[in-house]
Amino acid sequence: MVPPRGRGVALASLALYAISALTFCGAPGKTRLQPNEFSERSDSLMRRQAVKFMTKKKASYADINVEDFYTETVSGAGGPPKGLERDLITKFFGDGDFHGHGDHEAAFQNFRECMEKGEPFVGEDDGSGWIWAVAGLTVENGLTLEIRKSTPLGMRALLVAKESKVAEMFDTLNWKIVRRRLNEVLGHRDSEGVTVPGYK
């Protein structure tokens, strides 16, 4: 027979054990998720998010006045680029490494020739007579640079030229404007990240 004092200690221990069990397993009526149940719920959430993404309404970009964009492009003094623009050109139109280290002069000359020839270019030719240099941003390559012949809405358009007057554009190219445009998305947001009127 357990003495009264011993019974009190036993009951206290039992109560403490019950409280610990409830704290670990959850209150009655609230079943803890097993690992496989958690995985199933997580997968279900991911599927719902994927459907939501796939059914998202396609963006409607603001109208662009290419003539105004061009006028701003040729508001400088031309010459070779410096800094980031130079390294981008060297990386994608020259012998540059991932960071754009290489023969900058030769790369810039090749870039000019590609713009003047209109090739190689990415995407479709919309027949408008404009040729663009467009930057991109990817996980694999960081900033990228390519030539396009259609208005690059939703992209980082850096400069534009009339296909028949590319050399003229380079003679008066404003590189400060090009640098600012690295922060812009054509038809979507300005260099401050503010959505432009007309974008939906």
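Buried denotes a relative accessible area under 20%, exposed one over 50%, and partly exposed a value in between, with a 1.4 Å probe and protein chains only. The model on display is predicted: local features need pLDDT of at least 70, side-chain atom pairs count only at pLDDT 80 or more, and totals for chains, interfaces and linings use all residues. Residues are numbered from 1 along each chain as its sequence is written, and side-chain values use heavy atoms, with hydrogens and water left out.

**The whole chain**

Begin with the entire protein chain in a cartoon view. It holds 7 helices and 4 strands; helices (H or I, at least four residues) and strands (E, at least two) are DSSP runs, numbered from the N terminus. Along the sequence the elements follow the pattern α-α-α-α-α-β-β-β-β-α-α. Of the 200 residues, 29% count as buried. A surface view shows about 13,300 Å² exposed, of which carbon and sulfur atoms supply 57%; accessible areas come from the Shrake-Rupley method with a 1.4 Å probe, and for residues only the protein chains shown count as cover. A contact requires heavy atoms within 4.5 Å. Among contacts between residues at least 6 apart in sequence, 63% join residues at least 24 apart.

**Ser75**

Select Ser75, in the loop between α3 and α4 (83-93). Is this residue buried, exposed or partly exposed? Ser75 counts as partly exposed because its relative accessibility is 45%. Setting aside residues up to four places away in sequence, Ser75 touches Thr172, Asn174 and Ile177. The C-alpha atoms of Ser75 and Met169 are separated by 9.4 Å, although the two residues are 94 apart along the chain.

Now display polar contacts, which are pairs of N or O atoms within 3.5 Å; within protein, one must be able to donate a hydrogen and the other to accept it, and residues adjacent in sequence count only if both atoms are side-chain atoms. The side chain of Ser75 reaches the backbone oxygen of Glu72 at 2.7 Å and makes a polar contact with the side chain of Asn174 at 3.0 Å.

**Helix α3**

Move back along the chain to helix α3, residues 66-73. At its N-terminal end, Asn65 acts as a cap, with a side-chain oxygen 3.1 Å from the backbone nitrogen of Glu67. Which residues of α3 are buried? They are Val66, Phe69, Tyr70 and Thr73. These residues lie on the same side of α3 because they cover an arc of only 100° around the axis, the arc being that of the directions from the helix axis to the C-beta atoms. The buried residues of α3 pack against β2 (130-138), β4 (156-162), α6 (166-171) and α7 (175-181).

Show the side chains of Phe69 and Arg181 together. The charged end of Arg181 sits over the ring of Phe69, 3.5 Å from its centre. A charge sits over a ring if NZ of Lys or CZ of Arg is within 6 Å of the ring centre and within 35 degrees of the ring normal. Lys91 and Phe98 can be selected next: Lys91 lies over the face of Phe98, at 4.0 Å from the ring centre.

**Aromatic pairs**

Display the side chains of Phe, Tyr and Trp. The structure holds 7 aromatic pairs. Rings of Phe, Tyr and Trp (its six-membered ring) pair if their centres lie within 6.5 Å; planes under 30 degrees apart count as stacked, over 60 as edge-to-face and the rest as tilted.

Select Tyr70 and Trp130. Their ring centres are 5.4 Å apart and their planes are at 50°, so the pair is tilted. Tyr70 in helix α3 and Trp130 in strand β2 are 60 residues apart, and the pair links distant parts of the chain. Both Tyr70 and Trp130 are buried.

Then select Phe108 and Phe170. With centres 5.8 Å apart and planes at 80°, these rings form an edge-to-face pair. Phe108 belongs to helix α5 (residues 104-117) and Phe170 to helix α6, 62 residues apart. Both are buried. Adding Phe93, Phe111 and Trp175 to the selection completes a cluster linked by ring pairs.

**A cis peptide bond**

Follow the chain to Pro120, in the loop between α5 and β1 (122-125). A cis peptide bond, with omega about 0°, joins Glu119 and Pro120.

**Ala62**

Finish at Ala62, in the loop between α2 (35-54) and α3. Ala62 counts as buried because its relative accessibility is 6%. Ala62 and His188 are 126 residues apart in sequence and 6.6 Å apart in space, C-alpha to C-alpha.
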